[in-house]
Amino acid sequence: MQPAEQRDEVEMLWLMLLIRRFEERASQQYQAQKIGGFCHLYIGQEAVVTGAIAATRFDDYIITAYRDHAHALARGTSANACMAELFGKDTGCSRGLGGSMHFFDKEHHMYGGHAIVAAHVPLACGLAFACKYRSEDRVTLCFFGDGAINQGSFHEALNLAALFKLPVIFICENNLFAMGTSVERSTSLKQIIDRAEGYDIPSCVVDGMNFRHVRDTLSEVVESIRKDPHPAFVEARTYRYRGHSMSDPASYRTKEQLEQYRLDDPITRLRAQLTREGKLSNEKFDELDKEAKQIALESVKFAEQSDEPPLEKLYDYTYV
Ligand SMILES: Cc1ncc(C[n+]2csc(CCOP(=O)(O)OP(=O)(O)O)c2C)c(N)n1
């Protein structure tokens, strides 16, 4: 268990690189038809999950929607177990039975990976309720997209979280689109955080392209929750560079908008900050990037060489 302040920023930059290089490889393998089903990439949004992880302890719970590769990697699930899951192999973090949208790793307190929009928000309340019931000072981080905030389960969950004063942080990763629908077309509010105000839940907005801003803001939120359990809501303004999923050409947005966000890239930004402060040389950056690329490449080899789940296990995790 490492408190946030002790997490080295260079280590967190490396984590962002690992996430990016892993997903670039995943994209390549998807195109080569090694990965079946859906595959949603997080590229562009890396500062949100890494900032949140840097603000919390290892034993805090984390739960998210289907854009989940980064959350597992950030939490410490190995790239091998993640890539093997994408390949549907027995060595995957969900034993090859979950695929891209259902990463799960109890050992690292990562509770999924959920495909149904907003269905995991009440589950986050369950995790937080368990912590409060057991008098543990753990915080639950619940990530979801802007598309989730108009779902019934989201509202029911926020209401209960407020009533029961649950130690949960609802983190809306607002990447401006829910599939091809822009947030202005789907949400009646001008300010997403007003959703939280409706339930008397304190809220704030963070620059989701800026690792330090996410980490520092969330650190304060986490500290206040540990002292006195209560829910909080954070809107992280971010952007995904790729389409909604691998099969989406993203024709609903302009090239100019994409380029504008690329200029604000979270990896480039943290690299520049660290370089300016004399904490990172170009050589060190290249070394970190090379290592991240190597881990991603080796994860593909690992996944290729792993066995598929045996046929007799097909119904092992099926609930009727
Ligand atoms: C209840 C439900 N309705 C519809 C879908 C189909 N669907 C999959 S992703 C998605 C958009 C969600 O967008 P958002 O929550 O903003 O997350 P993002 O993809 O931007 O990360 C929809 C409508 C679903 N999975 N679940």
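**Note on the predicted model: sheet, helix packing and ligand shell**

1. In strand 7, Glu235 is the bridge partner of Val205, and this pairing is a convenient place for a new reader to start, bearing in mind that the model is a predicted one. A second pair can be picked out beside that one, since Cys204 stands opposite Val234 of strand 7.

2. These pairs belong to the contact between strand 6, which covers residues 203-207, and strand 7, which covers residues 232-237; the two strands run parallel and are joined by five bridges. To pass from strand 6 to strand 7 the chain goes through helix 9, residues 211-227, and the β-α-β crossover formed in this way is right-handed.

3. Where do strands 6 and 7 stand in the order of the sheet? The sheet is open and has five strands, arranged in the order 1-2-3-7-6 with parallel pairing. Strand 1, residues 61-63, and strand 6 are the edge strands, each of them pairing on one side only, and from one strand to the next the twist averages 20°. As background, the strands of a sheet pair through backbone hydrogen bonds, and the pairing may be either parallel or antiparallel.

4. Turning to the helices, helix 1 (residues 9-31) and helix 11 (residues 266-276) have axes that come within 10 Å and that cross at roughly 155°. Because angles over 145 degrees count as roughly antiparallel, helix 1 is roughly antiparallel to helix 11. The crossing of these two helices, helix 1 and helix 11, is left-handed.

5. Helix 1 also packs with helix 4, residues 79-86, and here the angle is about 25° while the axes lie 11 Å apart. Are helix 1 and helix 4 roughly parallel or roughly antiparallel to each other? Since angles under 35 degrees count as roughly parallel, helix 1 and helix 4 are roughly parallel to each other. The crossing of helix 1 and helix 4 is right-handed.

6. The last point concerns the ligand, which is surrounded by 14 residues, the closest being Val117, Gly145, Asp146, Gly147 and Ala178. Two elements, strand 2 (140-145) and strand 4 (177-178), give two or more residues to this shell. Strand 2 also has a place in the five-stranded sheet, where the order 1-2-3-7-6 sets strand 2 between strands 1 and 3. Sorted by class, the shell around the ligand is made up of eight nonpolar, four polar and two charged residues.

Key. Residues are numbered from 1 along each chain as its sequence is written. This is a predicted model: local features need pLDDT of at least 70, side-chain atom pairs count only at pLDDT 80 or more; totals for chains, interfaces and linings use all residues. A residue is near a molecule or strand if its C-beta atom, placed from the backbone, lies within 6 Å of it. Helices (H or I, at least four residues) and strands (E, at least two) are DSSP runs, numbered from the N terminus. Ala, Val, Leu, Ile, Met, Phe, Trp, Tyr, Cys and Pro count as nonpolar, Asp, Glu, Lys and Arg as charged, and the others, Gly among them, as polar. Two strands pair if DSSP finds at least two bridges between them. A crossover is right-handed if, with the strands pointing away from the viewer, the path from the first strand over the helix to the second runs clockwise. Axes are lines fitted to C-alpha atoms, for helices over the stretch in contact, and angles run from 0 to 180 degrees between N-to-C directions. Angles under 35 degrees count as roughly parallel, over 145 as roughly antiparallel, 65 to 115 as roughly perpendicular and the rest as oblique. A crossing is left-handed if the near helix is turned anticlockwise from the far one by less than a right angle, and right-handed if clockwise.
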